[in-house]
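Trainee: I am new to this structure and would like to go through it step by step. May I put some questions to you?

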Amino acid sequence: MEKFKEKLNALRAEVDLANARADEAESSLKKLNDSQNDRDQEIIGLQNKIQLLEEELEKAEGKLQDAKVLKEEDEQNRNYGENLLKKINLLEVQLETTENNLRETTEKLRQVDLKAEQAERRVQQLETEKVEMEGKLESLEEQYRNVKAELDETLKSLEEL
């Protein structure tokens with residue numbers, strides 16, 4: 001029976017050892033499962049983070065594209081503005097030239113108006129002189145007729161003599 005007890009004790013020791021190894025294996029398995037779950041959670045977290053970063057990247061790329069478009073529009077607007085300034089400067093030069101021409105033309109017109117007024121006064125003066133001369137001419141013609149009639153009478157009188 002002693003052998004039996006020894007065998008039983010040996011079996012119990014084996015069972016205890018197997019139970020200890022099983023407990024240790026279970027504990028190790030639990031740690032590995034926990035570690036695996038932690039890593040799975042970490043992977044899920046990292047995947048979510050990757051997805052968020054990809055979305056942020058897409059947004060950033062969209063903003064970058066928008067910024068490029070705005071920059072191009074800004075350059076186009078700047079070029080358009082520069083062209084407008086050039087046109088404005090050109091128009092200002094043309095306006096100045098036109099204003100100078102207008103001043104010169106206005107001065108010439110004023111001089112022509114003065115000359116026309118002087119000519120009109122001279123015409124009126126000459127018309128007045130003409131009327132006076134015509135009056136004198138009529139008077140002289142009347143005198144001439146009278147003198148001729150008198151001369152004719154005198155000649156007739158002399159012929160009768």
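Mentor: Please do, and bear in mind throughout that this is a predicted model. A fitting place to begin is Glu134, which counts as partly exposed because its relative accessibility is 37%.

Trainee: With which residue does the side chain of Glu134 meet in a salt bridge?

Mentor: In general terms, side chains of opposite charge can pair when their charged atoms come close. Glu134 has a partner four residues away in helix H1, so the two are separated by about one helical turn. The N to O distance in this salt bridge is 3.8 Å, and the partner is Lys130.

Trainee: How far apart are the closest N and O atoms in the salt bridge of Asp74 with Arg78?

Mentor: Asp74 and Arg78 are four residues apart in helix H1, and therefore about one helical turn separates them. Both are partly exposed, Asp74 with a relative accessible area of 40% and Arg78 with 44%. Their closest N and O atoms are apart by 2.7 Å.

Trainee: Which residue meets Glu142 in a salt bridge?

Mentor: The partner stands three residues from Glu142 in helix H1, so about one helical turn lies between them. Glu142 is partly exposed at 37% relative accessibility, and its partner is partly exposed as well, with a relative accessible area of 46%. The side chains meet at 2.9 Å, N to O, and the residue in question is Arg145.

Trainee: How many salt bridges does the count come to?

Mentor: The pairs discussed so far include Asp74 with Arg78 and Glu142 with Arg145. A pair enters the count when a side-chain nitrogen of Lys or Arg is within 4 Å of a carboxyl oxygen of Asp or Glu. By this rule, the count of salt bridges is four.

Trainee: Which residues gather in a patch of negative charge on the surface?

Mentor: One member, Glu55, lies in helix H1 and counts as partly exposed because its relative accessibility is 37%. Another, Glu58, also belongs to helix H1 and counts as exposed, since its relative accessibility is 56%. The patch is made up of Glu54, Glu55, Glu56, Glu58 and Glu61.

Trainee: How far apart in space are Glu58 and Glu150?

Mentor: In sequence, 92 residues separate Glu58 and Glu150. In space, the distance from C-alpha to C-alpha is 131 Å.

Trainee: How many helices and strands does the protein chain have, and what is its radius of gyration?

Mentor: The protein chain has one helix and zero strands. For 161 residues the globule rule gives 15 Å, and the chain is well over this, so it is more spread out than a compact globule. Along the principal axes, its C-alpha atoms fill a box of roughly 225 × 15 × 15 Å. The radius of gyration is 66 Å.

Trainee: What share of the residues of the protein chain counts as buried?

Mentor: The protein chain exposes about 15,500 Å², and carbon and sulfur atoms supply 55% of that area. To count as buried, a residue must have under 20% relative accessible area. Of the 161 residues, the share that counts as buried is 0%.

Trainee: How far apart do the centres of the positive and negative side chains lie?

Mentor: The protein chain has 27 positive side chains and 42 negative ones. The centres of these two sets lie apart by 10 Å.

Notes. Residues are numbered from 1 along each chain as its sequence is written. This is a predicted model: local features need pLDDT of at least 70, side-chain atom pairs count only at pLDDT 80 or more; totals for chains, interfaces and linings use all residues. Side-chain values use heavy atoms; hydrogens and water are left out. Patches are made of residues with over 30% relative accessible area and no salt bridge: like charges are joined within 9 Å, nonpolar side chains (Val, Leu, Ile, Met, Phe, Trp, Tyr) within 5 Å. Accessible areas come from the Shrake-Rupley method with a 1.4 Å probe; for residues, only the protein chains shown count as cover. Lys and Arg count as positive and Asp and Glu as negative; His and the chain ends are not counted. The place of a charge is taken as NZ of Lys, CZ of Arg, CG of Asp or CD of Glu. Buried means under 20% relative accessible area, exposed over 50%, partly exposed in between (1.4 Å probe, protein chains only). The radius of gyration is taken over C-alpha atoms; the globule rule is 2.2 Å times the number of residues to the power 0.38.
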